[in-house]
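Visitor: Could you take me on a close look at one part of this model, the protein surface that faces one of the DNA strands? I would enjoy a connected tour.

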Protein chains: 2
Amino acid sequence: MTRRCTSFDVAEGAGVSQSTVSKALRGSEGVSVETRRRVLEVAAALDYRPDQRAVSLRSSATGRIAVVILGDPKIRGAPINSFYMDLLAHVAAAAADHDQEILVSFQHDPANFFASYCQDRIADGIIVIGTARNSAGWRFFAKARSQGENVICWGSPDDVLPTLRCDNHAGAATAVRHLVATGRRRIIFIGPGWRRQHAYRDRRSGYISAMSEQRLPVFEAQASLTGTRELQGYAATLDLMNNDVPFDAIFAASDGLAVGAMQALNKCGRIIPEDVAVIGFDGIGSAPYTVPPLSTVEQNGAVAGSYLVEALHRMIAGEDYQLPAVPLKLIWRASSCASSTNSSSINRY
Amino acid sequence: MTRRCTSFDVAEGAGVSQSTVSKALRGSEGVSVETRRRVLEVAAALDYRPDQRAVSLRSSATGRIAVVILGDPKIRGAPINSFYMDLLAHVAAAAADHDQEILVSFQHDPANFFASYCQDRIADGIIVIGTARNSAGWRFFAKARSQGENVICWGSPDDVLPTLRCDNHAGAATAVRHLVATGRRRIIFIGPGWRRQHAYRDRRSGYISAMSEQRLPVFEAQASLTGTRELQGYAATLDLMNNDVPFDAIFAASDGLAVGAMQALNKCGRIIPEDVAVIGFDGIGSAPYTVPPLSTVEQNGAVAGSYLVEALHRMIAGEDYQLPAVPLKLIWRASSCASSTNSSSINRY
DNA sequence: CTGTTAGCGCCTTCAA
DNA sequence: TTGAAGGCGCTAACAG
């Protein structure tokens with residue numbers, strides 16, 4: 001295996017100096033057309049490629065951003081909320097638009113938290129996406145930020161870190177009004193069990209506002225804190241039925257909870273949406289493909305991804321930046337409305 | 001904003017030379033205990049952190065691997081098969097075990113293919129995970145490999161690149177035998193529409209073998225090539241019913257197809273599993289949460305992830321490596337068996 | 001327009 | 001045990 005070829009080799013081949021090669025290849029001013037042509041030719045012939053580590057070392061920025069997916073503080077390999085994975089793809093697309101590479105790290109265990117991306121010159125900033133439930137994780141990244149890391153996040157339970165989110169209150173209220181408009185009165189809110197988080201509080205308050213507007217009774221069910229979102233939704237819904245709580249609709253604080261709720265309803269022979277309408281929140285990729293298709297308050301993942309990247313860039317550049325609310329859209333599918341065109345209204349589920 | 005601190009600053013603070021600092025921090029031989037202690041102390045006080053770019057430039061390897069998710073050659077933002085996203089998480093975990101960072105890139109459009117990770121010293125090798133349908137993509141990465149990139153993949157339609165996969169033939173045969181054992185006779189195979197791929201051919205041949213063993217008639221439905229897997233499965237299944245093809249079970253070549261098939265069955269009032277049993281292939285994360293829960297031939301994603309990383313390391317090291325088959329497990333849920341404990345058998349779906 | 005000279009921050013011989 | 005010097009491969013001033 002032969003030595004890697006460097007800009008010196010190209011220089012020699014083209015009969016010029018190394019610095020001229022550098023200028024020629026990067027299109028700097030001050031190189032004659034003829035020289036540039038010859039350099040490019042030799043570089044191509046030698047299949048020369050600059051070592052990006054050296055390029056980066058000389059310049060200042062790394063051209064990379066780190067994306068950390070913060071999972072539940074459980075055993076390794078716990079399933080990640082699929083909305084986060086969708087968001088990851090959108091962040092990657094947005095980063096690619098800025099010619100940035102992304103480094104991805106899945107973290108959940110305090111023993112393996114890592115955030116020194118900027119300090120170690122591994123990346124220029126960090127986007128943390130994850131579950132509010134990993135408090136130790138959020139504390140860790142908040143501390144990293146105070147030590148100079150550039151951090152923007154999605155999913156933080158609080159506002160210690162600059163956090164992007166949608167208008168959860170408004171989204172929840174819209175969902176509830178939709179249920180009311182289609183004739184539902186006993187609408188139950190299924191919360192995530194973990195109350196100390198921003199998104200939950202806002203979705204809950206949106207639910208309460210909308211119910212109060214209509215003078216309808218508020219009823220909340222709380223998921224237990226263990227297991228996946230789906231299992232939590234499943235258990236919470238089963239509880240409701242076992243306790244003979246009357247209800248004709250469920251507004252779940254997340255799509256995962258809603259999916260679990262639908263399983264439980266089905267298990268007990270409740271027909272969706274005839275007996276119970278269900279609507280979730282997030283807009284996970286599988287929502288259109290559940291049985292019946294799940295209505296949801298969809299967060300615009302593409303916009304969220306680009307806002308995150310944009311804000312991080314501004315933070316890195318030391319500019320002022322703001323985190324606008326991510327747009328929401330009520331997606332009305334068969335789970336909440338028997339007459340939706342999106343699915344048949346006469347089936348049993 | 002003050003200048004970043006380097007090993008020279010530590011040297012000055014500790015009253016030693018820069019090279020001594022380097023040795024002390026990296027635990028090399030030939031530094032007195034007392035000197036090392038002082039260096040460590042000053043380094044900590046100054047919060048010194050080596051610039052990883054410089055470290056990497058001096059060494060040879062980058063300590064990074066690139067993971068490319070190859071999507072359908074369609075518009076940007078097309079949803080990624082969720083099994084690939086799961087696999088990505090497992091690859092990340094395996095890479096972390098080897099103290100490697102991973103660079104992630106979602107690629108689908110020939111205009112933006114990029115594979116020069118090794119040549120540009122961005123990473124030491126590439127793991128390509130993706131859909132067989134992106135032929136241009138697979139050709140691109142095959143060419144990159146011939147130009148010196150280290151590439152291992154999952155999902156390639158052929159064997160031009162070193163490809164990890166499970167024993168698709170055996171897995172399919174197992175699934176079919178399970179259906180036969182539970183009394184099904186008219187079992188339909190729903191293929192992905194794109195026949196020129198290894199996994200499809202093997203799953204199909206496994207189906208045919210198992211059916212032939214039992215002297216049962218083979219019947220294949222092909223999905224159209226457009227849209228998501230789910231939509232393809234939906235349309236193919238609808239076609240079957242519209243054409244009054246009799247069947248009591250569906251073996252879908254992938255979970256996505258199976259999810260779509262379940263939607264179609266439900267739309268037409270067919271009860272799962274009483275009227276039609278359904279089983280998929282892959283083991284996507286949402287399979288336990290469909291209604292009814294989806295039986296599937298589950299590929300061990302954790303093992304797949306570690307095999308991919310392991311094989312890539314051996315390739316990088318120039319060692320011999322082999323790609324063993326990834327283990328499969330038949331997961332028997334309610335969609336294929338009314339008496340499963342995993343769900344109720346008396347419900348209507 | 002081109003070449004020379006310094007580094008970027010670190011690791012690694014080789015002398016002292 | 002320590003330090004001086006020479007790169008890793010490149011960019012960027014500054015001379016010529």
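Guide: Happily! α2(A) gives the surface near DNA strand D its largest share, four residues; here, near means that a heavy atom of the residue lies within 4 Å of the strand, and helices are DSSP runs of H or I with at least four residues, numbered from the N terminus. Before we go on, this is a predicted model, where local features need pLDDT of at least 70, side-chain atom pairs count only at pLDDT 80 or more, and totals for chains, interfaces and linings use all residues. Residues are numbered from 1 along each chain as its sequence is written, chains are lettered from A and ligands numbered from 1 in the order in which they are written, and side-chain values use heavy atoms, with hydrogens and water left out.

Both chains take part: α2 (18-25) and α4 (52-58) of chain A, and α2 (18-25) and α4 (52-58) of chain B, each supply at least two residues of this surface. In total, 25 residues surround DNA strand D, and the closest are Q18(A), Y48(A), K23(B), T35(B) and R58(B). Of the strand's atoms within 4 Å of the protein, 56% belong to sugar and phosphate.

Now for the polar contacts (pairs of N or O atoms within 3.5 Å). On the backbone side of the DNA, a side-chain N or O atom of Y48(A) sits 2.3 Å from a phosphate oxygen, while D51(A) brings a polar backbone atom to 3.3 Å from a phosphate oxygen. The bases are reached too: a polar side-chain atom of S19(B) is 3.2 Å from a base nitrogen of DNA strand D.

Notes
A polar contact is a pair of N or O atoms within 3.5 Å; within protein, one must be able to donate a hydrogen and the other to accept it, and residues adjacent in sequence count only if both atoms are side-chain atoms.
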